[in-house]
Amino acid sequence: MSGQPHDIEFASYVFDFIQRTIRAQWDQVRKRHAFSGREFRQFALGVANGFYSKLEGDRRTLSERIQAERNSVAAAAHSKIEYVCTDLIKVKDPKLSDYVKWRYGKMRSIGRPSWARKSSYYVGKKVGESMVLHRGIEAASIASGLLLPE
């Protein structure tokens, strides 16, 4: 992984969350649907793709909402109503882009032949679409001054 330390920490958290969810759900799904151990990869791929499609849907919905708010800004400007902007700004890290170009050179995508999807894939996709990623809890090391002396 490459990036700022806080980005790598978050990516690691998301990876661990998805991996834990796949393992926990696999045990339940395998018993319920009588899947063989060979279908684990199809299930895991389904979970990952389902979660990705959920995130894409959420992103699309948010983009549509922002576009609707932008349109109401134009209307508000004509009627002199005060408006608070909630636009998203895509911020790129130029140092990271330069590093990736330097480190990996000419990257390219190559296609793979797709495998026939099994029922375990579609069960996994359903699981992935229902996943909810919660923000992690960070340990605070700031003393509040309200602790009793030892």
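Which residues is Val47 in contact with, leaving aside its neighbours within four places in sequence? In this predicted model, the list runs to Ile22, Gly124, Lys125, Val127, Gly128 and Met131. Two of these partners, Ile22 and Met131, turn up again in the largest nonpolar core, which has 14 residues. Along with Ile18, Phe43 and Val47 itself, they are the members that touch the most others in that core. Helices H1 (5-33), H2 (40-79) and H4 are the elements that each put in two or more residues, and H1 gives the largest share, with 6. Pooling of this kind fits a familiar pattern: in soluble globular proteins, nonpolar side chains tend to be buried together.

Stepping back to the whole chain, the fold is all about helices: there are 4 of them and 0 strands, so to speak an α-α-α-α pattern when read along the sequence. Of the contacts with a separation of 6 or more, 68% are between residues 24 or more positions apart. Buried residues account for 17% of the 150 in the chain. The exposed surface comes to about 13000 Å², with 57% of that supplied by carbon and sulfur atoms.

Ser120, in helix H4, is a polar residue worth a look. It counts as buried because its relative accessibility is 0%, under the 20% cut-off. Its side chain makes a polar contact of 3.4 Å with the side chain of Glu39. Glu39 is also among the contacts that Ser120 makes beyond its neighbours within four places in sequence, the others being Phe35, Gln42 and Phe43. Phe43 links this spot back to the core, as one of the residues there that touch the most other members.

Helix H3 (94-104) has something to show at either end. At the N-terminal end, Asp93 acts as the cap, with a side-chain oxygen 3.2 Å from the backbone nitrogen of Lys95. After the helix comes Gly105, which has a positive phi, near 60°. Further on, Met107 sits in the loop that runs between H3 and helix H4 (119-129). Is Met107 buried or exposed? With a relative accessible area of 60%, Met107 is exposed, as that value is over the 50% cut-off. Met107 also belongs to a nonpolar surface patch of about 520 Å², which it makes together with Tyr99, Trp102 and Tyr104.

Note on methods. Residues numbered from 1 in each chain as written. Predicted model: local features only at pLDDT ≥ 70, side-chain atom pairs only at ≥ 80, totals over all residues. Heavy atoms only, no water. Buried < 20%, exposed > 50% of the residue type's maximum accessible area, 1.4 Å probe, protein only. Contact = heavy atoms within 4.5 Å. Areas by Shrake-Rupley, 256 points an atom, 1.4 Å probe, with all protein chains shown as cover. Patch = residues over 30% accessible without salt bridge, like charges linked within 9 Å, V, L, I, M, F, W, Y side chains within 5 Å. Salt bridge = Lys/Arg side-chain N within 4 Å of Asp/Glu carboxyl O. Polar contact = N/O pair within 3.5 Å; in protein donor to acceptor, adjacent residues only side chain to side chain. Core = buried A, V, L, I, M, F, W, Y, C linked by side-chain atoms within 4.5 Å.
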